[in-house]
Amino acid sequence: MIKENAVSSGIRTAAVRALIAVLLALGVWPAFARSAEPPAQASAAVEKPRLDILPTALLVRDGTTAKRIVRLSVDMPGAAPVEAAVKCWIDGQPQVPEPAGFHLVPGKNSLDLRLTEPAKPVQARFEVSWTAAGASVSLSGEIKLAPARHWSVYLFHHSHTDIGYTELQSRIARNHVEYLDSVIKYCRETDAYPDDAKFRWNIEVTWALENFIRTRPEADVKALMDLIKAGRVELSALYLQVSDCFAHEEIVRTVDAAREIARRYGFELRSAMNDDVNGFAWSLPQIFRQAGVRYFASGINETRSRAPLRRPNAFWWESPDGSRILHWNGEHYLFGNYELLLHESVDRSAPKVGEYLAKLEARGDYPQDIIAFNVGAWTTDNCPPGRQLSDRVKEWNERFISPRLRLATLHEFFEQMEKRYGPALPVHKLGWPDYWTDGVASTAFETGLNRIAHNEIITAEKVSALAAKLDQARTFVFPAAEIRAGHASSMLYDEHTWGAWNSIDAPWSELARGQWAAKSSFAYDARETSRTLLRRGSEALAKLIAAGGATEFAVFNPLSWTRTDVVPVALPAGPLREAKGKLRVIDRRTGSEAKFQLRGDDALLVLAKDVPAMGYAVFGVELGGPAAVAGTAERPAAGDRHGAIENRFYRVTVDPKTGGIASLFDKDLGRELVDRTCPWPLNTYIYEQPEGGRKAVDDMTKRAVFHRSTAETSKVEAGESGPVVSSLVIRSTPKMCSALEQRIVLYNDIKRIDLINVLNKEETFDPEAVYFAFPFAVGPGGSVPNARFEIAGADMAPGTEQLPGTTLDWQTAQHWVEFSGKDARVVWSPVEAPLVQFGDINTGKWQTKFVPANAWVFSYAMNNYWMTNFKASQEGLVEFRYSLTSAPPAVAAAGVGPASDRVSSTRFGWEVHAPLVGTWLPAGNKGPVKSSAESFLSVDRPNIIIQALWLEEDGTPVARLREIAGESADGRLTSGLFLGITTTLIGGHESVEPGSIPVHLRPFEMQTVRLAR
């Protein structure tokens, strides 16, 4: 996305960009689209004469010698042009400059002098003199002139893929396929060029190549693949531009398409690039290295963000498991165009490049003599390739000795950087969170749907793999293609382009509406795919389990540890529903009754105890017994404004004004878990509006001022009450909500609280935000808790385990946030809303330092603060669910201070996001699986989770494992289904033992294991 900011101030206004996009769509290349600079204007008047001396890095050919270019910049007041004389002295000796004269016009002037290149650092003195209106003017100055570094400049020619920003997604897809047609043509046309100038291209995202393969003849596909093998074209390993919304499996599978294409066509996958976005999953170095990728380049856009460290720089980026990749932290992805003008004439670009490199040398922190810039044929997103860049490079290298330009593929630059400078480059083992994810809260409902799909699709994949492997008749086939499509839809929603360039200024325009219709459809498609596949997979698995009665259901546990949880089970039409709750639920493993209660007239909520790891337990439903109709809780009475609810774990008291939780008392710990020094009670709805509108929020030079409000009164009502759950309902009408219902749910046998907030949001295009407050107390006053939260494929301590310059105001959480203090540990899990803010509401602060001083976390549920790309408003019913639990504090290994318990936090968060699945068994089913409970796959180490399970094309089961505690783990994967069963006779008794295989994981390692002996 091109966005207005301090770095890219030379880029045109949004209206001009839109016109360019329209003309590009029509196949017209407007002249004004080819320059990032505004049309030339008369030089501004100056008040007094001034001389600036600017050394450049340019060395030109002059016969057999090299000449150094030094630029003189002269401010001349007056009304008429004059002729000036130029003199110079090098190391005290006069040297005749080329040229020795200077035609000055009123205003600002510049002159490039050619000087003999010094062999050592010398003092250089320059003098410019002229006569105007009878008065003589003489200006002079000195610089230290060192021998020029001989630079090699690598140009990554590419098109920044912004799917939907400039045109509709469907048109963008066709454009990028057509661009690859041109790439083949331009490579052929420049085969005879000098090697540096031969046309080369970098495919920024695999999505573009995938579309090309699908829509082009095999001959064209072969031609492109031959160019990749020959090194003229390089494929980036990432499927799309990423964001911090990408989930655990989603971020791993974003390299799958590139890996498959590379395998199919026989080329090596070496590099990745992502541009525009300003944060990347900390697990990416590990994911890349497992895919064979060694190098990663980024061109961050600093609109409403900062790039880490000081660009440009190269460093080794290390993920928590110790995997390293070489990262190029380059300038803005369009810097080579709008600042260096590399797509324009050599006369225009050379001064820019020369000055830039000279300043970089003078900076003192860039010792390398190689550098890379992204470059497009024009200054625009979704830009077509330009053959003229080959001509520019050819002409440049004929003129200059240094810097030397090369149209390059990614790995060419990286291999030189690694070979020449690799051992000396710094190593950063830190996270890289993304500023821009705050925009996803502009579409809270669809973002929530996609979050649900993230987990549902891997649950569907697991049960489908089990069903397909168990089904010897092969009536059920593992839906590999549909699962891939589901992940692709989810990725297309999570990728960085959220809306059209005019989504804020013209939200009712055809482009903004059409783009959002397409973008939102990805979330709906992902959710529908995950839901459908889960239903089909669980029903197929249920058909393989023998039923001992007419009305039985299986409860599936998709996680790799035994768990106890509640499961909703819809009652089929007929006697069970007509019984009005006069039922008994029997655990078939023990024959004992299971706790349940009726939810509405047609569903049961059942407490399913000890459901086996990645397996099932069977329950029967029988007529008879007392009616299990959900009643009314004894406390509070309906309408009690001072309501409270409690069970054997917690006592919860509601604040009658805001509807938040004034007190949350843990009976096991004997302590209060709400920090009452916070101005907002727990789970309080907070509505926010900024003074000065969006510009004030976006201004990173000063803090914005906000007006915040909560509900002014609330009504407390009794909710459910039964042997499984009890609840309390709080109703209010806070600002910009026609209704807000907040439900507090307690479980009688599970130490967990669910908070369900359903708001009916009123629409406004004025800037706004919505938060829910969660100020926890986990230690005595003034004590600093240990804070951690889960990110994709890892976890991170906010503020301390992240690269300098990355976002501190908000973060993106996956399944859990944990606070561990001296007295308690709290684990909190957001379901639909990924954005969190630690310590306080931080929007508009743009912090550069942050260390959590308390155990407060705020769910950043909604906003429309962006000035482009994201949605301008949202309205209607939106649900935000949160779960929490508490426990005694964890103690660090050294016995000092609070520590994280990653295992229990991970288990809690994953259980919230991957619920148990209840499915009815066909009456009288004669399936091959006879037992009332079974674990199909388990691992014996608590710090290893089975993140995913699927079948390869040949039917081989594959599991993705992840170590979560930061400890080496030697364990065993056990599965009778996948690894067979050994039967032995010992003393006349038969012993049945499922097969197992050993696994070893390094701390935080992800490992993909084929389940075969």
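Pro403 sits in the loop that connects strand 17 (400-402) with strand 18 (404-408); helices (H or I, at least four residues) and strands (E, at least two) are DSSP runs numbered from the N terminus. A cis peptide bond links Ser402 to Pro403, with omega at about -5°. The model is predicted, so local features need pLDDT of at least 70 and side-chain atom pairs count only at pLDDT 80 or more, while totals for chains, interfaces and linings use all residues. Residues are numbered from 1 along each chain as its sequence is written, and side-chain values use heavy atoms, with hydrogens and water left out.

**Backbone geometry in loops**

Another cis peptide bond joins Glu98 and Pro99, with omega at about 0°. Pro99 belongs to the loop between strand 4 (93-95) and strand 5. Most residues other than glycine have a negative phi, and most peptide bonds are trans. Met614 is not a glycine, yet its phi is positive, and Trp846 is likewise a non-glycine residue with a positive phi. The table gathers the backbone values.

| Residue or bond | Backbone value |
|---|---|
| Glu98-Pro99 | omega about 0° |
| Ser402-Pro403 | omega about -5° |
| Met614 | phi about 40° |
| Trp846 | phi about 50° |

Met614 is located in the loop between strand 25 (603-611) and strand 26 (615-627). Its relative accessibility is 1%, so Met614 counts as buried; buried means under 20% relative accessible area, exposed over 50%, and partly exposed in between (1.4 Å probe, protein chains only). Trp846, in the loop between strand 43 and strand 44, also counts as buried, at 3%. Pro106 lies in the loop between strand 5 (101-104) and strand 6 (107-116) and is partly exposed, with a relative accessible area of 27%. The C-alpha atoms of Pro106 and Ser968 are 72 Å apart, and the two residues are separated by 862 residues along the chain.

**Strand pairing**

Strand 44 (residues 855-863) is mostly covered, with 9 of its 9 residues buried. Strand 44 pairs with strand 37 (residues 769-776) in the antiparallel sense over 8 bridges; two strands pair if DSSP finds at least two bridges between them. Phe774 has Val857 of strand 44 as its bridge partner. Strand 43 (residues 835-838) also runs antiparallel to strand 44, joined by 3 bridges, and Val836 stands opposite Ser859 in strand 44.

Elsewhere, 4 strands make an open antiparallel sheet in the order 27-28-29-30. Strand 27 (644-646) and strand 30 (671-672) are at the edges and each have a single partner strand, so one side of each is left without a neighbour in the sheet. Strand 29 (residues 661-666) is joined to strand 30 by 2 bridges and runs antiparallel to it. Phe665 has Glu672 in strand 30 as its bridge partner.

**Nonpolar cores**

The largest nonpolar core holds 154 residues, and those with the most contacts inside it are Leu209, Phe288, Leu664, Ile744, Phe776 and Phe880. A nonpolar core is a set of buried Ala, Val, Leu, Ile, Met, Phe, Trp, Tyr and Cys residues joined through side-chain atoms within 4.5 Å. Helix 2 (residues 169-189) gives the largest share of this core, 8 residues. A second, separate core has 49 residues, including Ala57, Ala197, Ala297 and Leu407.

Leaving aside residues up to four places away in sequence, Phe880 touches ten-odd neighbours among which are Leu755, Ile756, Phe772, Ala861 and Met862; contact means heavy atoms within 4.5 Å. The full set for Phe880 is Ala444, Leu755, Ile756, Asn757, Leu759, Phe772, Glu832, Ala833, Ala861 and Met862.

**Pockets**

The largest pocket contains about 1,600 Å³ of space. On a 1 Å grid over the protein atoms alone, a pocket is an open set of points where a 1.4 Å probe fits, with protein on both sides within 12 Å along at least five of seven lines, and lining residues have an atom within 4 Å of a point. Grid points are joined across faces, edges and corners, and a volume is the space filled by probe spheres set on the points. The lining of the largest pocket has 43 residues, with Asp256, Glu260, Arg484, Trp950 and Glu953 nearest its centre. By class, this lining has 20 nonpolar, 5 polar and 18 charged residues; Ala, Val, Leu, Ile, Met, Phe, Trp, Tyr, Cys and Pro count as nonpolar, Asp, Glu, Lys and Arg as charged, and the others, Gly among them, as polar.

The second largest pocket has a volume of about 1,200 Å³. Its lining has 41 residues, and Pro568, Arg881, Val912, Pro915 and Leu916 lie nearest the centre. The lining of the second largest pocket divides into 19 nonpolar, 7 polar and 15 charged residues. Elements that each supply at least two residues of this lining include helix 14 (510-542), strand 45 (876-887) and helix 17 (902-913).
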